[in-house]
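Have a look at the fold below before reading on. The report goes through salt bridges, strands, cores and a bit of surface.

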Amino acid sequence: LLERQDRGGPDPRKESGSGFVLDAGLGLVAAAEFVVSDAEVITVQLPDGRTVTAELVAADAQTQLALLRAPITGQPAAEWADSRKLRPGDAVYAAGHHFDLGLLVTGGIHAGRIGPSDRTDGREYLATDSPVMPGSAGGPLLDSTGRVVGVIIGNFGSSMDRSLGIAVPADIARPILGRLRSGPVARGSLDVIPGGAADPADGAGIAGVEDLQRTTTVTLGGR
């Protein structure tokens, strides 16, 4: 279980997510970027009930993935599968922690690979009809052998699409999480300012940002 709490400001907030172990010896845990980004305190709840403090190694907003480091020696590490071999109709299982209900595993089928498109903000996902519970973001999407084929992000689109859960495919997630060990992923960019546009230096259209202290807790599922 990953849990984040905003403790600054008049209205403290608390958010939860899930994660899974990549390398217990190095203390590396996969998580969802939007669950842990900007958190000042991150805690990881282990399968045996212990809670330990984690640090954010790096995060990648484009793929919505994050890498944490925590003292988790002795915890079983997940095994990756080749998500490119998944076919529509193959069985998949979404594992995550639904707040105080503990670890839940729901089953369904791989519905297909969606994106990149405008509706997915240029991202590519695995889609499944397996129910994705609140608090499951960052947890693993598993194949029938128990290996990770994706990192759960949540549910897709509008209320009419909520029956589809989505996950970052393992063939995308695995190399990105590997690169995050060395820090943020560097990507090239090109900024184009049309003629007559406001000078970016004048700060037009930039809203103020409130500085809040946030605490996040990540729960890891046991076997």
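## Salt bridges

A salt bridge here is a side-chain nitrogen of Lys or Arg within 4 Å of a carboxyl oxygen of Asp or Glu. Keep in mind that this is a predicted model. By that rule the count comes to 6 salt bridges. Take Arg147 and Asp143: their side chains meet in a salt bridge at 4.0 Å, N to O. Arg147 is partly exposed, with 33% relative accessible area, whereas Asp143 counts as buried at 12%, because buried means under 20%.

Arg113, Glu124 and Asp171 are joined into one network by salt bridges that share partners. Within that network, Glu124 bridges to Arg113, with the closest N and O atoms 2.7 Å apart. Glu124 sits in the loop between strand E8 (103–114) and E9, and Arg113 sits in E8, so this pair ties together parts that are 11 residues apart in sequence. Glu124 is partly exposed at 28% relative accessibility, and Arg113 is partly exposed at 32%.

Another pair is Arg69 and Glu55, whose side chains form a salt bridge at 3.3 Å, N to O. It links distant parts of the chain, with Arg69 in strand E6 and Glu55 in strand E5, 14 residues apart. Relative accessibility is 34% for Arg69, which counts as partly exposed, and 43% for Glu55, partly exposed too.

## Two hairpins around E5

Strand E5 (residues 51–60) has partners in E4 and E6. With strand E4 (residues 41–45) it pairs in the antiparallel sense over 4 bridges, and Val44 stands opposite Val52 of E5. E4 and E5 make a hairpin with 5 residues between them, and Gly49 in the turn has a positive phi of about 95°.

With strand E6 (residues 65–69), E5 pairs in the antiparallel sense over 5 bridges. Here Leu56 has Leu68 in E6 as its bridge partner. This is again a hairpin, with 4 residues between E5 and E6, and Gln64 in the turn has a positive phi of about 65°.

So what does Val52 touch, beyond its neighbours within four places in sequence? Its contacts are Ile42, Thr43, Val44, Leu46, Ala70 and Pro71. The C-alpha atoms of Val52 and Pro71 are 6.9 Å apart, with their positions 19 residues apart in sequence. Val52 is buried, with a relative accessible area of 12%.

## Nonpolar cores

As a rule, nonpolar side chains in soluble globular proteins tend to be buried together. In this model the largest nonpolar core has 23 residues, of which Phe20, Leu22, Leu65, Trp80, Leu177 and Leu180 touch the most other members. At least two residues each come from strand E2 (13–23), strand E3 (28–32), E6, strand E11 (148–155), strand E12 (165–169) and helix H2 (170–180). H2 gives the most, with 5 residues. For a close-up, try Leu65: not counting residues up to four places away in sequence, it touches Ala31, Glu33, Ala59, Asp60, Val151, Val168, Ala173, Ile176, Leu177 and Leu180.

Apart from that core lies another one of 19 residues, among them Val21, Val35, Val36 and Ala54. Val21 is found in strand E2, and E2 also supplies at least two residues to the largest core. In a regular strand the side chains alternate between the two faces of the sheet. Val21 counts as buried at 5% relative accessibility. Leaving aside neighbours within four places in sequence, Val21 is in contact with Leu28, Ile72, Gln75, Pro76, Ala77, Ala78 and Leu220. The C-alpha atoms of Val21 and Arg69 are separated by 9.7 Å, although the two are 48 residues apart along the chain.

## A surface patch and a buried serine

Tyr93, Leu103 and Val105 form a nonpolar patch on the surface, with about 250 Å² of accessible area together. Tyr93 belongs to strand E7 (residues 91–97) and counts as partly exposed at 33% relative accessibility.

Finally, is Ser130 buried or exposed? At 1% relative accessibility, Ser130 counts as buried, even though it is found in the loop between strand E9 (125–128) and strand E10 (140–142). Its contacts, leaving aside neighbours within four places in sequence, are Val92, Ala94, Thr106, Gly107 and Gly108.

How values were computed:
Residues are numbered from 1 along each chain as its sequence is written. This is a predicted model: local features need pLDDT of at least 70, side-chain atom pairs count only at pLDDT 80 or more; totals for chains, interfaces and linings use all residues. Side-chain values use heavy atoms; hydrogens and water are left out. Patches are made of residues with over 30% relative accessible area and no salt bridge: like charges are joined within 9 Å, nonpolar side chains (Val, Leu, Ile, Met, Phe, Trp, Tyr) within 5 Å. Accessible areas come from the Shrake-Rupley method with a 1.4 Å probe; for residues, only the protein chains shown count as cover. Buried means under 20% relative accessible area, exposed over 50%, partly exposed in between (1.4 Å probe, protein chains only). Two strands pair if DSSP finds at least two bridges between them. Contact means heavy atoms within 4.5 Å. A nonpolar core is a set of buried Ala, Val, Leu, Ile, Met, Phe, Trp, Tyr and Cys residues joined through side-chain atoms within 4.5 Å.
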